[in-house]
Amino acid sequence: MSEIIAAIDEGAANDFLDTVVAGLGPQSTSGSSSLGPFAVSYSVSGTLSNGSVDLIPPDTIRIADLRLDWSASATLSLDLGDFLPEIHIPQVCIDIPCVGTVCTPRIDITWPTVSVPVSFGDFVRATVDLGLSVALVGGMWKVEGIVQGVPSLAFGPGTAAIVAGIGLAVAAAVAWVPLIGPFLAGLAIAVTAAIGIAGLTGWLGPIITPFISGTRFPIYDQPEWFEVLPATSAIDPAVSVHIDAIGAEVQHNAPEDELVLSADISA
Amino acid sequence: MSLTDTSEVFVSVEETALNDLVTALCTARPHLLSYGSPAFVPVSDVGDTQMPPILFPGTGGIQWHVRFSVPHLDLFDEDALLPPQLTLGPGQFSVSTKVQICVDCPKDRHDPKDDPHDPHGDHGGDHPNEPDDPRWDDKPGKAQNPVCTAIELYAVGHLVGTTLDGQPALGFAVDAVELVDVSPDDLESVLECLIGQMLRAVLTTIRIPVSALRVGAFTLTPTVGPLIDIDRVLARGNL
């Protein structure tokens with residue numbers, strides 16, 4: 001039997017993980033990939049907030065509705081020629097008496113490739129099961145909740161609107177292109193169709209899933225030599241005990257499920 | 001029954017761990033257990049606490065020293081045998097320790113025959129029961145002729161909630177003291193009164209922060225305890 005036991009009930013575990021998750025701070029990543037037919041460079045950041053905690057013996061902490069608020073800044077590289085019709089105006093020559101033959105120039109419009117910056121954000125929810133990990137690393141005892149498996153993400157209702165927003169942003173960004181005016185509405189529709197909601201979530205999923213699946217939730221983090229009292233003067237040095245062992249488990253102690261940490265110490 | 005019962009947080013500490021905490025405290029800060037006047041303790045340091053001599057006319061002050069060994073706690077129920085005069089009840093702890101009491105008994109006049117090679121006299125032969133103790137190395141200002149005794153001491157008491165640097169802490173209060181192998185009875189009574197007061201005073205300086213009882217796990221604002229259960233201290237409360 002362990003010398004020291006500290007336990008919290010499910011309600012306290014919920015409050016405790018509120019604090020833990022809030023302390024994780026924002027996460028971010030950047031890179032480049034493809035979004036639909038577009039090459040895109042991006043930076044994405046996300047911040048987690050706690051859901052509701054369910055303690056499941058013997059060693060699972062389930063967090064339902066763990067929420068990740070994310071925001072993305074991306075630059076789409078868009079070849080307008082992929083979406084707009086080619087325009088070729090042939091040369092026209094007219095014979096004018098006393099002047100001779102007058103020809104208009106041949107006009108071939110080549111649509112440019114443009115870079116379109118877009119910013120958008122929403123949230124996702126996921127239900128995750130955390131397993132308990134206990135380790136002594138570099139003189140520190142650590143108990144962490146580690147996500148078991150990759151959660152499926154439930155995108156928020158705003159995600160669908162993001163696709164349309166990207167289409168409008170593209171249309172606005174290319175409005176300066178000569179002769180494009182008649183095609184802007186069609187361009188927005190074509191971009192929206194090319195990306196699609198599935199395309200957007202398929203692009204976002206692999207990027208932001210690690211924000212959840214790769215997170216380690218710190219439950220206990222104390223030095224192997226635990227400071228009982230800090231030094232307060234030359235004659236009152238710090239007092240420490242050695243933590244010989246740490247354990248962690250979820251126990252069902254009727255009628256409650258409890259998160260239990262145990263420790264053995266020596267002077 | 002759940003560990004937390006109707007509270008959010010539960011903490012329990014077996015008596016072995018409590019003794020480890022007390023030992024760590026007393027080992028790191030031995031001055032909590034050692035008190036003496038300047039002849040024994042020239043200056044307060046990590047090892048000893050300097051106190052005034054006992055004033056008494058014609059003596060120039062009686063030099064003294066009291067040192068307790070690291071106390072050993074036994075939480076109800078009784079695992080360590082107690083003298084028959086003491087009973088360990090529910091919610092109580094017993095403490096056993098040894099107290100060493102020394103007084104300096106300077107000679108009225110130096111007899112050169114004691115040590116013909118040293119005009120300052122007094123060496124180890126004057127304190128035969130502790131000849132190698134570094135506390136008296138015969139330098140001027142130190143105890144010249146310390147006489148010491150060591151007494152086994154037992155007590156029972158109860159826990160008290162207290163604070164340490166503004167944080168909740170565990171304290172120890174003494175209910176009864178018993179010395180062993182002291183006679184006659186009236187001398188034992190006098191010494192129990194005297195040493196009992198010392199022990200009470202010493203134990204008030206030994207306080208264990210509640211954060212140490214949970215070795216930093218979670219947080220706990222106690223609403224129940226700390227109190228003594230069988231062979232352990234437990235507390236319940238909120239995050």
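Which residues of α3(A) are buried? Allow me to take that question up after a word on the model.

This is a predicted model, in which local features need pLDDT of at least 70, side-chain atom pairs count only at pLDDT 80 or more, and totals for chains, interfaces and linings use all residues. Residues are numbered from 1 along each chain as its sequence is written, while chains are lettered from A and ligands numbered from 1 in the order in which they are written.

The buried residues (20 or more other C-beta atoms, placed from the backbone, within 10 Å of their own) are A:Leu187, A:Ala188, A:Val191, A:Ile195, A:Leu200, A:Trp203, A:Leu204, A:Ile208, A:Phe211 and A:Ile212. Among the elements that cover them are β5 (60-79), β10 (113-137) and α2 (159-173) of chain A. Helices here are DSSP runs of H or I, at least four residues, and strands are runs of E, at least two, numbered from the N terminus.

Helix α3 of chain A has 30 residues, 184-213, and should span 44 Å at 1.5 Å a residue (times one less than the number of residues); its end C-alpha atoms are 40 Å apart, which agrees. The helix also has a kink of about 60°, centred on A:Gly199; the bend is the angle between axes fitted to the seven residues ending there and the seven starting there.

I turn to the interface. In chain A, 34 residues are in contact (C-beta atoms within 7 Å) with 33 residues of chain B. β16(A) gives the most to that side of chain A, with 7 residues.

Finally, β1(A) runs antiparallel to strand β1 (residues 9-14) of chain B, joined by 5 bridges; strands pair if DSSP finds at least two. A:Ile4 has B:Val13 as its bridge partner.

How values were computed. A residue is buried if 20 or more other C-beta atoms lie within 10 Å of its own, exposed if 12 or fewer, and partly exposed in between; C-beta atoms are placed from the backbone. Two residues are in contact if their C-beta atoms, placed from the backbone, lie within 7 Å.
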